[in-house]
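Student: I am new to this structure. Please take one small part and go through it closely with me.

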Amino acid sequence: LGKAVGSPEVKDLLKKLGTDKAPKLTKDEEGEYELEVYFTLPKNGLNLIFELPDDEEPTKESEKLLTLNCVQFYSVSPLNDITHAFAGELPFGISFEDNQKEVHRKAGKPSDTDDEQRIDLWDETEPMFSVAYKKDGKVDMIAYEIEMLEDFSDDEEEEDENYDDRH
């Protein structure tokens with residue numbers, strides 16, 4: 001995570017995953033380049049997400065600056081064109097057969113949970129860690145991400161008036 005698409009680490013990873021293709025910027029319906037690239041490897045049970053740095057204008061020339069910021073490990077997921085479950089070792093000893101209670105026992109209590117979308121988030125770690133569950137309650141996807149995900153809570157965070165006094 002955090003390495004550019006042209007870095008030796010990312011090139012080596014892609015080679016080990018059996019692809020010689022590199023992530024490329026794509027255009028949306030209006031013909032504008034997208035800011036992120038979802039690089040799905042269906043037979044590996046993986047989705048790699050690459051983003052441009054925040055201050056970078058998306059152009060064909062800036063494509064080499066795409067940075068790996070998220071790795072998603074999937075069970076079989078027709079919705080995401082994933083044809084094979086990730087076969088490697090999953091974090092914290094989690095299995096795709098685990099339910100939410102078992103995940104919490106293995107990974108600890110999440111910092112946030114979205115019951116409607118069936119997602120747990122541990123955003124106080126670096127990289128951040130999240131788990132999504134299928135309708136049957138078993139693990140569907142595990143992700144590591146180096147940028148903040150949206151906050152699932154409905155509560156507005158209160159401003160800490162004493163923050164400046166303590167820091």
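Tutor: What follows is a close look at Val131 and the strands around it, in a predicted model.

Start with the residue itself. Val131 sits in strand 6, which spans residues 128-133. Its relative accessibility is 0%. Buried means under 20%, so Val131 counts as buried.

Now see what touches it. Set aside the neighbours within four places in sequence. Val131 is then in contact with Val103, Arg118, Ile119, Asp120 and Trp122, and also with Val139, Met141 and Ile142. Look at Leu121 too. Leu121 and Val131 are 10 residues apart along the chain, and their C-alpha atoms are separated by 6.6 Å.

Next, move to strand 7, residues 139-145. Strand 6 and strand 7 pair in the antiparallel sense, over 6 bridges. One place to check this is Met128, which stands opposite Glu145 of strand 7. The two strands form a hairpin with 5 residues between them. There, Gly137 takes a positive phi near 95°.

Strand 7 is mostly covered. Of its 7 residues, 6 are buried.

Strand 7 also pairs with strand 3, residues 67-74. These two strands run antiparallel and are joined by 5 bridges. Find Gln72 here: its bridge partner in strand 7 is Ala143.

To put the part together, strand 7 has bridges to strand 6 and to strand 3. Val131, in strand 6, is buried.

Methods
Residues are numbered from 1 along each chain as its sequence is written. This is a predicted model: local features need pLDDT of at least 70, side-chain atom pairs count only at pLDDT 80 or more; totals for chains, interfaces and linings use all residues. Side-chain values use heavy atoms; hydrogens and water are left out. Helices (H or I, at least four residues) and strands (E, at least two) are DSSP runs, numbered from the N terminus. Buried means under 20% relative accessible area, exposed over 50%, partly exposed in between (1.4 Å probe, protein chains only). Contact means heavy atoms within 4.5 Å. Two strands pair if DSSP finds at least two bridges between them.
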